[in-house]
Amino acid sequence: MFDNWEELENSLKECKRCKLCTNRTNIVFGTGNKQASIMFIGEGPGADEDLQGEPFVGKAGKLMNMAFDALAINRKEVYIANIVKCRPPGNRNPEQDEATACLDYLRNQVILVKPKIIVLLGSVALKNILGQEYGITASRGKWIEKRGIWYMPTWHPAALLRDETKKIDFIKDLKLVIEKYKQILNN
C-alpha cells in the first residue's frame, strides 16, 4: 500500500498484472476530489474513457452528469474510480482475475480518499467490493454499513441507457446519498 497519490499513480503506470494491459490506450485511474466524502465506483473504462484516461466521460458518464446536475452534485467534489483501470475488450464486464488484479489499487484509493459514503455503480462494483453473495437488484437503494463506511448500491449508468425505467431508481438512490451525507455532516 502507498501512503500518497503520487506513489500510487506511479505504481500503476507500467501495470501488467492482467491481460487488459495489452490493449489499453490509457490507464483510467480516477478523478475528482481526492479528499471527497462521497466516492463512486464503477466497473471499468469504456472506449471514451480509454481514449481520454478519465472515468465516466462517455454516454453513461454524460447521463450520470445529468443526474448530478439535477441533484446539485458537483462532480469535482466527489471521487470517481472503477474496479479495473484498463478497458475490457468490447466493453464486457471485467473477468474475476482482472478485477482481482486491480482491487489493491482501488483499496489504496479508498484508503487515501477516506470517503464516508461509497456509491457502488452496478453489479460488478457491488460484488467485488461487498461480496459475491450480493445482487444488484435485491441490494440497490439499501444502505449497507461496513467498517465505518456507508455503501449505496445502485444501477450502473450504462444500465439506464438500456432501460430508461431505471433512471427513477437511480435518482432516488442519489437522493438517499445526499440525505445520508447531510446526516453525517450534522453528527
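Here's a quick briefing on the protein chain shown above. Keep in mind that this is a predicted model. The chain has 187 residues, and 49% of them count as buried. Its secondary structure adds up to eight helices and six strands.

**Fold and overall shape**
- If you walk along the sequence, helices and strands turn up in the pattern α-β-β-α-α-β-α-β-α-α-β-β-α-α.
- The radius of gyration is 15 Å, close to the 16 Å that the globule rule gives for 187 residues, so the chain is as compact as a globular protein of that length.
- Picture a box of roughly 40 × 40 × 30 Å along the principal axes: that's what the C-alpha atoms fill.
- Take the contacts between residues at least 6 apart in sequence, and you'll find that 71% of them join residues at least 24 apart.

**Inside the protein**
- In soluble globular proteins, nonpolar side chains tend to be buried together.
- Here, the largest nonpolar core has 57 residues, and Met39, Phe40, Ile41 and Ile83 have the most contacts inside it.
- Helix H4, which covers residues 96-113, gives the most to this core, with nine residues.
- Want to zoom in on Phe40? Leaving aside residues up to four places away in sequence, Phe40 touches Phe68, Val78, Tyr79, Ile80, Ala81, Val119, Leu121 and Leu174.

**Surface and charge**
- The chain exposes about 9,600 Å², and carbon and sulfur atoms supply 50% of that area.
- There are 28 positive and 23 negative side chains.
- The centres of those two charged sets lie 3 Å apart.

Definitions and conventions. Residues numbered from 1 in each chain as written. Predicted model: local features only at pLDDT ≥ 70, side-chain atom pairs only at ≥ 80, totals over all residues. Heavy atoms only, no water. Helix = DSSP H or I, 4+ residues; strand = E, 2+ residues; numbered from the N terminus. Rg over C-alpha atoms; globule rule 2.2 N^0.38 Å. Buried < 20%, exposed > 50% of the residue type's maximum accessible area, 1.4 Å probe, protein only. Contact = heavy atoms within 4.5 Å. Areas by Shrake-Rupley, 256 points an atom, 1.4 Å probe, with all protein chains shown as cover. Lys, Arg positive; Asp, Glu negative; His and termini not counted. Charge placed at Lys NZ, Arg CZ, Asp CG, Glu CD. Core = buried A, V, L, I, M, F, W, Y, C linked by side-chain atoms within 4.5 Å.
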